Amino acid sequence: MDPESEIYQNRLQKESWRTMLTLAYQSLGVVYGDLSTSPLYVYKNTFAEDIEHSETNEEIFGVLSFVFWTLTLIPLLKYVFIVLRADDNGEGGTFALYSLLCRHANVNPLPSFQSADEDLSTYMKDILCPAPSTFGARLKSFLEKRRVLQRFLLVLSLLGACMVIGDGILTPAVSVFSAVSGLGLAMEREHHKYVEIPVACVVLIALFALQHYGTHRVGFLFAPVVITWLLCISCIGIYNIFHWNPYVYQALSPRYMYTFLKKTQRGGWMSLGGILLCITGSEAMFADLGHFSQSSIKIAFASVVYPSLVLAYMGQAAYLSKHHVIENDYKIGFYVSVPDKLRWPVLVIAILAAVVGSQAIITGTFSIIKQCSAFGCFPKVKIVHTSSKIHGQIYIPEVNWILMLLCLTVTLGFRDIKRLGNASGLAVITVMLVTTCLMSLVIVLCWHQSVVLAVCFILFFGTLEGLYLCASLVKFLEGAWVPVAISLVFMTVMCVWHYGTLKKYEYDVQNKVSVDWLLELGPSLGIVRVKGIGIIHTELVSGIPAIFSHFVTNLPAFHQVLVFLCVKSIPIPHVKHEERFLVGRIGPREYRMYRCIVRYGYRDAYKDDIQFENDLVCSIAEYIRTGKGNLNETDKDSRKQNEKMVVVGTPSSHVDSIQLREENGANPEKASTSELRKTQSPPPVKPRKQVKFAIPAGSPKMDRDTHEELCDLMEAREAGTAYIMGHSYVRTKQGSSLMKKMAINFGYEFLRRNSRASTYALSVPHASTLEVGMVYNI
């Protein structure tokens with residue numbers, strides 16, 4: 001047995017290494033496209049106006065030293081060795097850090113949060129309470145008691161998200177325009193600028209127009225393109241080093257940074273905004289962590305991307321150290337260091353690499369907007385999952401076309417790499433600074449490390465990034481105002497939507513009616529029960545929503561089986577399918593009223609097919625069969641029954657649960673001992689659908705009440721399902737402040753009218769839908 005066991009372990013190890021290397025290969029195309037194209041524009045932006053390239057080479061060697069140490073400290077040290085470890089159940093990004101803080105410090109912004117959500121298996125991962133005497137415990141208590149700090153934490157996370165959106169607008173423009181800028185040098189003709197702008201716009205339009213096909217359709221080309229590009233710039237860099245200046249490696253010494261700043265002074269400090277562009281795309285290593293693994297991303301960066309970029313920058317510096325006067329408009333661009341015979345092939349590869357890098361940041365923008373929407377901070381939008389295997393590959397039509405228009409606007413408006421670079425640099429460094437701030441809190445609250453370690457982290461990286469931020473803000477009027485304006489617009493939209501959603505939910509909670517009111521209403525209004533299942537969509541997790549009481553008082557009738565359905569998000573990336581449905585009973589058993597709460601993570605794909613409805617019915621049937629919601633005779637109080645919610649499996653997650661089968665009523669089969677079916681009269685002339693539940697073998701015998709309840713559920717399912725949804729109009733109360741009136745009456749109402757309905761996740765048939773209008777005075 002020992003030799004066989006050893007062979008099995010070796011096989012598992014080989015498979016593990018094979019999987020890791022495969023993921024590392026794929027990550028090159030998805031994660032590092034933006035970072036790999038930065039040599040196209042770093043030197044050109046740095047030497048644009050602020051500093052001049054002299055014969056002493058102190059400027060070019062100083063810039064090379066800054067580029068090398070910036071690449072080493074931020075992408076390599078900060079992200080690869082530290083930040084990548086702060087994953088949220090395998091997911092990364094700004095909202096992953098915020099989600100971790102929400103769970104460890106109980107600062108959840110979602111109003112529909114329940115204590116039962118903490119019992120989810122992924123929610124409780126690695127959550128340990130800090131010792132009461134530690135600084136982490138005091139900080140946790142301080143955050144939980146200060147609503148102002150909780151809101152500041154949310155605004156800080158939204159600021160990072162808005163800057164990511166701004167980066168999704170600016171990065172495609174910078175990358176594509178920089179790649180296309182080689183046309184003039186390759187063509188060696190005058191008026192090349194009139195060619196570059198139209199070509200860049202055509203490439204950008206094609207890039208955004210192809211988004212609806214999904215990344216997976218052309219994803220197999222991404223990694224080869226980036227690898228070819230990295231190999232190309234590495235070989236050109238090695239050639240330039242040995243051919244022009246083999247001693248350029250001496251410029252990697254930090255001494256050259258001091259010499260550079262001493263000589264250039266204010267101009268050198270202002271040029272840091274161009275040096276900053278060498279790390280654009282570093283945040284993607286953390287944001288795309290959920291698609292790969294920590295090891296694969298580390299291997300790809302340390303073994304391929306990092307050395308290739310260092311060689312590329314060294315090669316350009318070596319070439320420029322021997323060419324102090326360049327007789328063309330490009331001066332210190334990337335393409336001047338490319339040999340003449342290779343410029344056309346390199347130009348084609350550069351454009352393809354720029355498209356790949358832009359594709360990655362656009363997909364990341366879609367993901368961050370989906371996360372904001374899941375946290376109730378962005379209007380509901382249509383989310384199309386373009387891949388059935390990779391959940392992160394999504395497409396949002398409305399956002400895609402807005403990004404395209406804004407991208408074309410900044411490209412045509414600036415028509416200058418320098419201004420576009422200033423704008424992109426500010427967006428990138430702001431996201432990194434937000435990550436540093438959140439990461440320092442994660443070190444104390446989630447990792448339970450010393451506060452000294454957190455302070456050292458934020459002081460070291462915060463000071464470095466703050467230096468670059470100040471250098472970028474100096475260029476505010478020279479293009480850096482663009483990401484600020486974009487972020488201000490999106491931040492206003494997010495804050496208005498979050499505020500309106502929160503106030504609307506508070507109104508629902510304050511105006512919800514009790515179960516006793518509903519039970520006592522029958523004799524006074526003569527409520528009748530009609531056949532079928534009535535699904536009432538609500539955002540409440542307890543009580544009867546005011547929209548339903550408004551419906552009943554005007555139309556005193558509802559269905560044979562009533563289900564109050566709440567679809568909500570949880571501050572975790574994924575919810576297991578077997579833990580997704582939370583089912584409970586409302587009122588006594590004979591009233592046939594249930595509550596079902598469906599929980600999704602901020603990375604989960606919402607169900608939008610008929611399978612969701614079947615899972616919903618089966619979860620209620622399983623709840624009835626197992627008797628989990630049945631109370632003792634002494635606990636008949638309706639309020640206690642209303643609070644009892646249990647997690648129920650569905651056929652998708654548990655094979656040993658009830659299975660739903662639907663048949664044509666023309667040729668009914670005889671029910672077997674493992675099937676439950678309502679005894680029916682002879683079928684009418686027109687056949688109808690028949691529903692039956694397949695009971696798992698070996699199940700205990702059901703009592704009479706359970707049998708009747710299941711039969712009623714089957715009969716209601718056969719009769720059909722109706723969807724009752726609220727259509728609310730939100731207005732402020734008289735005497736409200738002008739700011740509140742502007743936010744609710746104009747801002748929130750405009751966004752609500754132009755966004756998807758709150759139940760966009762479900763495909764609701766129009767013929768079975770009933771909307772109930774109601775005015776919310778908040």
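## The far end of the sheet

Let's start at one end: His 727 stands opposite Gly 773 in β12. That pair belongs to the match between β11 and β12, which run parallel and share nine bridges. Keep in mind that this is a predicted model.

The two strands are part of an open sheet of seven strands, ordered β7-β5-β6-β4-β3-β11-β12, and the pairing is mixed. At the edges sit β7 (645-647) and β12 (769-777), each pairing on one side only. From one strand to the next, the twist averages 25 degrees.

## Walking across the strands

Step inward from β11 and you reach β3: four bridges join β3 to β11, and the two run parallel. A good place to look is Gly 534, which stands opposite Ala 722 in β11. On to β4: β3 (residues 528-537) pairs with β4 (residues 557-570) over eight bridges, in the parallel sense. Here Ile 535 faces a partner in β4, with Val 563 standing opposite.

Next comes β6, which pairs with β4 over nine bridges, also in the parallel sense. Phe 564 stands opposite Arg 595 in β6. Then the direction flips, as β5 and β6 pair in the antiparallel sense over five bridges. To find that match on screen, pick Phe 581, whose bridge partner in β6 is Val 598. As background, strands of a sheet pair through backbone hydrogen bonds, either parallel or antiparallel.

## A strand covered on both faces

How many of the residues in β6 are buried? Nine of its nine are, so to speak, under cover, and the strand counts as mostly covered. Both faces take part. One side carries Met 593, Arg 595, Ile 597, Arg 599 and Gly 601, while the other carries Tyr 594, Cys 596, Val 598 and Tyr 600, and all of these are buried. Note that the list includes two arginines, Arg 595 and Arg 599.

## A helix over the sheet and a separate core

Helix α23 (residues 546-554) lies across β3, β4, β11 (721-731) and β12. Against β12, the helix runs at about 115 degrees.

What about the nonpolar cores? The largest one has 167 residues, and those with the most contacts inside it are Tyr 32, Tyr 43, Leu 64, Trp 229, Phe 301 and Tyr 313. Helix α7 (residues 147-180) gives the most to this core, with 17 residues. There is also a second, separate core of 27 residues, and among its members are Ile 527, Ile 547, Phe 564 and Leu 751.

Back in the largest core, it's worth clicking on Tyr 32. Leaving aside its neighbours within four places in sequence, Tyr 32 is in contact with Ser 27, Val 226, Met 285, Ile 297, Ala 300, Phe 301 and Val 305.

## Where two helices cross

Helix α6 (residues 135-145) meets α7 with their axes coming within 5 Å and crossing at roughly 95 degrees. Angles of 65 to 115 degrees count as roughly perpendicular, and α6 and α7 are therefore roughly perpendicular to each other.

Which residues make the contact? From α6 come Phe 142, Leu 143, Glu 144 and Lys 145, and they meet Arg 147, Leu 149 and Gln 150 in α7. Sorted by class, the contact has three nonpolar, one polar and three charged residues.

## Two arginines with positive phi

Arg 415 has a positive phi of about 50 degrees although it is not a glycine. You'll find Arg 415 in the loop between α18 (397-414) and α19 (417-445). Is Arg 415 buried or exposed? Its relative accessibility is 56%, so Arg 415 counts as exposed.

Arg 592 also has a positive phi, near 55 degrees, in a residue other than glycine. Arg 592 is found in the loop between β5 (581-585) and β6 (593-601). With 11% relative accessibility, Arg 592 counts as buried, because buried means under 20%.

## A long-range pair

One last spot to look at is Thr 259, which lies in helix α12 (residues 255-264). At 22% relative accessibility, Thr 259 counts as partly exposed. Thr 259 and Glu 58 are 201 residues apart in sequence, but 7.1 Å apart in space, C-alpha to C-alpha.

Conventions
Residues numbered from 1 in each chain as written. Predicted model: local features only at pLDDT ≥ 70, side-chain atom pairs only at ≥ 80, totals over all residues. Heavy atoms only, no water. Pairing = 2+ DSSP bridges. Axes fitted to C-alpha atoms, helices over the stretch in contact; angles between N-to-C directions. Contact = heavy atoms within 4.5 Å. Core = buried A, V, L, I, M, F, W, Y, C linked by side-chain atoms within 4.5 Å. Buried < 20%, exposed > 50% of the residue type's maximum accessible area, 1.4 Å probe, protein only. Parallel < 35°, antiparallel > 145°, perpendicular 65-115°, else oblique. Nonpolar A, V, L, I, M, F, W, Y, C, P; charged D, E, K, R; others polar.
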